[in-house]
Structure formats: structure tokens, C-alpha cells
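Dear colleague,

Please find below the structure that I am handing over to you. My findings follow it, arranged by topic.

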Amino acid sequence: MQNKILQDHFEHPRNVGVLEFPHAIGIAENPVCGDLVKIMLSITDGKVQQVKFKTYGCPAAIACSSILTESILNKSIQEIISIRAEWIAEQLGGLPVVQYHCAHLVREALQKALQSLKTK
């Protein structure tokens, strides 16, 4: 792994775990590679107060999950709703083309978590 940011987030992922009482949960799976991402959010006054993730997949999927959760902590729903896969990849210093689907998967899990807030 040549990308130092990606390597750091893979070897030392931030916010791994499970929230006991999340306000929102989003799960996304890639049926081709088998990667699975679960993002849990605790929201207070419209801001992400706590965020945890569980990712089963390659180093890029874990790193994308880690950098996303680190980036959205203490941000408003309005600030995070428009996050795109390209932005996640940029935060990691880029991703190899064959790993780009990982950023899309993590974004999908976040979007599903935000959608689950609307249904409550």
C-alpha cells in the first residue's frame, strides 16, 4: 500500500464498533466482492454526536469507512447529506480505480442511515 492516509485508516481505523442506541443505521453490501458496511449514527440537535461502523471487506472499504466517520462527527445532517464517493476518495488521498467501489459503498451506507432518520 503506497497511500499513507489509506494505510493509516486501514491499520488504525477510527470509530469501529457498535452504538448501543443509534438513531440511524445504514447497511450497504456489494454483491460482487462481498464487502459489507454498516454505519450507525447518534444525532442530537441535528448534528452527528456519535458515529460507529462495522465493515467486512478489503482494506480500502475499511479505510473509506474510517475516514467518513471521522469526517462527519459533529457535522449537521445538512452538511453530510451531499457527501459523494469522490469526496471520500479524495479524503484518503485517492483510491485505485479497482477500489473506487468502496467509496460508493460507504456513501450508500451513509445515505441509507440518513434515510432511516426520515422514516422514524
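How many bridges join E1 to E2, and do these strands run parallel or antiparallel? Six bridges join them, and the two strands run antiparallel. Please bear in mind throughout that this is a predicted model.

**The hairpin of E1 and E2**

Strand E1 covers residues 24-29 and strand E2 residues 36-44. One of the pairings places Gly26 of E1 opposite Ile39, its bridge partner in E2. Six residues lie between the two strands of this hairpin, and Gly34 adopts a positive phi near 90 degrees there. The two faces of E1 are unlike in their surroundings: Ala24, Gly26 and Ala28 form the covered face, while Ile25, Ile27 and Glu29 form the uncovered one.

**The nonpolar core**

The largest nonpolar core has 33 residues, and the members that touch the most others are Ile39, Leu41 and Leu110. At least two residues each come from strands E1, E2 and E3 (47-56) and from helices H2 (59-72), H4 (85-91) and H5 (100-118). Helix H5 is the greatest contributor, with eight residues. As general background, nonpolar side chains in soluble globular proteins tend to be buried together.

Leu41 illustrates how this core brings distant parts of the sequence together. Leaving out residues up to four places away in sequence, Leu41 touches Leu19, Pro22, His23, Ala24, Val48, Gln50, Val51, Ile72, Leu110, Ala113 and Leu114. Leu110, one of these contacts, is itself among the three members of the core that touch the most others.

**Helix H5**

Helix H5 has 19 residues and spans 28 Å from its first C-alpha to its last, close to the 27 Å expected at 1.5 Å a residue. Its buried residues are Cys102, Ala103, Leu105, Val106, Ala109, Leu110, Gln111, Ala113, Leu114 and Ser116. The elements that cover them include E1, E2, H2, H4 and helix H3 (77-80).

Two residues of this helix may be set side by side. Gln111 lies in H5 and counts as buried because its relative accessible area is 15%, under the 20% limit. Apart from neighbours within four places in sequence, Gln111 is in contact with Ile80, Ile81 and Ile83. Glu108 also lies in H5, but it is partly exposed, with a relative accessible area of 32%. Although Glu108 and Ile39 are 69 residues apart along the chain, their C-alpha atoms are separated by 9.8 Å.

**Salt bridges**

Three salt bridges were found in the structure. Glu108 takes part in one with Lys112, where the closest N and O atoms are 3.2 Å apart. Since these two residues are four places apart in helix H5, about one helical turn separates them. Lys112 is partly exposed, at 35% relative accessibility.

The other salt bridges share partners, which joins Asp8, Arg14 and Glu70 into one network. Asp8 pairs with Arg14, their closest N and O atoms being 2.6 Å apart. Asp8 is partly exposed, with a relative accessible area of 29%, and Arg14 is likewise partly exposed, at 23%. Glu70 meets Arg14 at 3.3 Å, N to O. Glu70 belongs to helix H2 and Arg14 to the loop between helix H1 (4-11) and E1, so this pair ties together parts that are 56 residues apart in sequence. Glu70 is partly exposed as well, with a relative accessibility of 39%.

**Cysteines**

Which cysteine sulfur is closest to that of Cys58, and why do the two not count as bonded? The closest one is in Cys102, and its distance of 3.5 Å is too far for a bond, because a disulfide requires sulfur atoms within 2.5 Å. Cys102 is accordingly in no disulfide, and the count of disulfides comes to zero. Cys102 is buried, with a relative accessible area of 0%.

**In brief**

The points I would ask you to retain are the antiparallel pairing of E1 and E2, the core of 33 residues to which H5 gives the most, and the network of Asp8, Arg14 and Glu70.

With kind regards

Conventions. Residues are numbered from 1 along each chain as its sequence is written. This is a predicted model: local features need pLDDT of at least 70, side-chain atom pairs count only at pLDDT 80 or more; totals for chains, interfaces and linings use all residues. Side-chain values use heavy atoms; hydrogens and water are left out. A nonpolar core is a set of buried Ala, Val, Leu, Ile, Met, Phe, Trp, Tyr and Cys residues joined through side-chain atoms within 4.5 Å. Buried means under 20% relative accessible area, exposed over 50%, partly exposed in between (1.4 Å probe, protein chains only). Contact means heavy atoms within 4.5 Å. The expected span of a helix is 1.5 Å times one less than its number of residues. A salt bridge is a side-chain nitrogen of Lys or Arg within 4 Å of a carboxyl oxygen of Asp or Glu. Two strands pair if DSSP finds at least two bridges between them.
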